[in-house]
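The report that follows reads a predicted model and takes up its elements one by one. Please keep the sequence and the structure in view while reading.

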Amino acid sequence: MFSWLGTDDRRKKDPEVFQTVSEGLKKLYKTKLLPLEEHYKFHEFHSPALEDADFDNKPMVLLVGQYSTGKTSFIRYLLEQDFPGMRIGPEPTTDSFIAVMHGTMEGLIPGNALVVDPKKPFRKLNAFGNAFLNRFVCAQLPNPVLESISVIDTPGILSGEKQRISRVATEDGYSCLRKCPYGGYDFAAVLEWFAERVDRIILLFDAHKLDISDEFSEVIKALKNHEDKIRVVLNKADQIETQQLMRVYGALMWSLGKIVNTPEVIRVYIGSFWSHPLLIPDNRKLFEAEEQDLFKDIQSLPRNAALRKLNDLIKRARLAKVHAYIISSLKKEMPSVFGKDNKKKELINSLGEIYSRIEREHQISPGDFPNLKKMQEQLQAHDLNKFQPLKMKLLDTVDDMLAHDIAQLMVLVRQEETQRPNQVVKGGAFEGTMNGPFGHGYGEGAGEGIDEVEWVVARDKPMYDEIFYTLSPVNGKVTGANAKREMVKSKLPNTVLGKIWKLADIDKDGMLDDEEFALANHLIKVKLEGHELPSDLPGHLVPPSKRKVPE
């Protein structure tokens, strides 16, 4: 009796068991989300259906920028080698989308061949037609960086006179060019397709000629809902003086604030990402620090790829649910016999009110709704009578997925991260500054004196000794209380001073001898100069008398 109730309860309490995150995502999408998408024509309005390659592919980095901002040079800098199809110049040289991926042999795969390869995540790009596919290639080469990530190079975005010429062409009958000034395909729509699937979007700007054209503004707006993936690079920053660089940085932040509608300040990396000598080397240390921060962000992509795909699936599911409510509401309002055309116009014009009603009835966040203007344009081409009414079973299945199965996958994501803690991008420019004297921060801060025979603290030890002997040492040591009175004069927080004490009190007896006291003051100086403290005391900072003699 009531066996169906027990089955339903068990299904909700015992979500499906998956072996890997990738397997789980594929199965959840095909069995629970895809039926909802197909029933309400989601793919005709928003995004093509996902395939296995979308869940299995390596993390991808999308480079976007106006021409001559250094996109191709940036890829060349990361890989430390040329790639097939690479062209670099001050004029618009890259007129194609180039997917730079790993391969055993160097070569180019044209777009039409690329979109029929089930192992590549580009099959759904065939919807953009030959106009796009003729300008889409995959450059394959054996490179260690590409073993972990793929990089998508894009055409330089038009600006100035070129932009106006492209739009003037529309008056002569090339109707697509107003929307598609890139040779007959919708550039912004292609970027939007990539933005949904990549792990990181890098917007490049030229510090020497900073301007954001109308075309670029439209492209950035097309990346809406993917702000969490966006990073900004202010490139070629070595070409201008420090004072001018500050002004350019401020102007860029002001311009971005008007386009990228997010409460958080977007992260901007300043540098010169090519292998040429710096023209103005004054900000070398700043450029090195910014480069390391950007490299760490890119290197973390393989480790966070599963979480990103899970997050994107959740976003897609929320949009699919809202889309189902919109489509079914329009279907419900349509007459069965007379006045269909007039009612269709009326419903499209009042779509904003329908959004508000759905938002109230189903407690949906306004941010989950698709762009109103774009949705109205798309509805013009559809017969609203052919839409499907609300089918709660499909929506309940997606709700069940979000409430139960996703939670299980979150646990699996953490398990996979724990099993593969060292999953980072290696090779190319990422290796150049990891080891040796040109590693970031080498010989600075706590690393000062690392190559010297003499103990680096000994330089200032006479000055520290004078203070030491004013603190009433007993048997050659000062107590913790007396040392504290001197150390707090640095005005550093107790948490920092506590860490310094832990590093300096090498024999852990709660007191400091003259060498340990000198070491504590040296570490205070390191911190006051703006450097980070080491988690463990480096060997070259251990006082000579405390070093173990090799047996």
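## The annotated EF-hand region

Between residues 492 and 527 the chain is 69% helix and 8% strand, and the C-alpha atoms at the two ends of this stretch are 9 Å apart. The stretch coincides with a feature that UniProt, in an unreviewed entry, lists as "domain: EF-hand" at residues 492–527.

Lysine 525 belongs to helix H23, which covers residues 514–528. With a relative accessible area of 30%, lysine 525 is partly exposed, because that value falls between the 20% below which a residue counts as buried and the 50% above which it counts as exposed. Once neighbours within four places in sequence are set aside, lysine 525 is in contact with Asp460 and Tyr464. The C-alpha atom of lysine 525 is also separated by 8.8 Å from that of serine 490, although the two residues are 35 apart along the chain.

## Strand S2 and its partners

Strand S2, made up of residues 97–102, is mostly covered, with five of its six residues buried. Which strands pair with S2, and in what sense? Strand S4 (residues 136–141) pairs with S2 in the parallel sense over six bridges, whereas strand S5 (residues 150–153) runs antiparallel to S2 and is joined to it by three bridges.

Individual bridges can be named on either side: histidine 102 has leucine 141 of S4 as its bridge partner, and valine 100 has valine 151 of S5.

## Helix H18

Helix H18 comprises 28 residues, 392–419, and at 1.5 Å a residue it should span 40 Å; its end C-alpha atoms are 40 Å apart, so the expected and the modelled spans agree. H18 nevertheless contains a kink of about 35°, centred on methionine 401.

Methionine 401 is itself among the buried residues of H18, as are Asp400, Asp405, Glu416 and Glu417. The buried set also includes Leu394, Leu395, Val398, Ile406, Leu409, Leu412 and Val413. An α-helix has 3.6 residues a turn, so residues three or four places apart point the same way.

## Helix H13

For the 16 residues of helix H13 (residues 284–299), a rise of 1.5 Å a residue gives an expected span of 22 Å, and the end C-alpha atoms are 22 Å apart, which agrees. Which residues of H13 are buried? They are Phe287, Glu290, Glu291, Gln292, Leu294, Phe295, Asp297, Ile298 and Gln299.

Definitions and conventions: Residues are numbered from 1 along each chain as its sequence is written. This is a predicted model: local features need pLDDT of at least 70, side-chain atom pairs count only at pLDDT 80 or more; totals for chains, interfaces and linings use all residues. Side-chain values use heavy atoms; hydrogens and water are left out. Helices (H or I, at least four residues) and strands (E, at least two) are DSSP runs, numbered from the N terminus. The expected span of a helix is 1.5 Å times one less than its number of residues. The bend at a residue is the angle between axes fitted to the seven residues ending there and the seven starting there. Buried means under 20% relative accessible area, exposed over 50%, partly exposed in between (1.4 Å probe, protein chains only). UniProt positions are given in the numbering used here, feature names are shortened, and annotations may be inferred rather than shown by experiment. Two strands pair if DSSP finds at least two bridges between them. Contact means heavy atoms within 4.5 Å.
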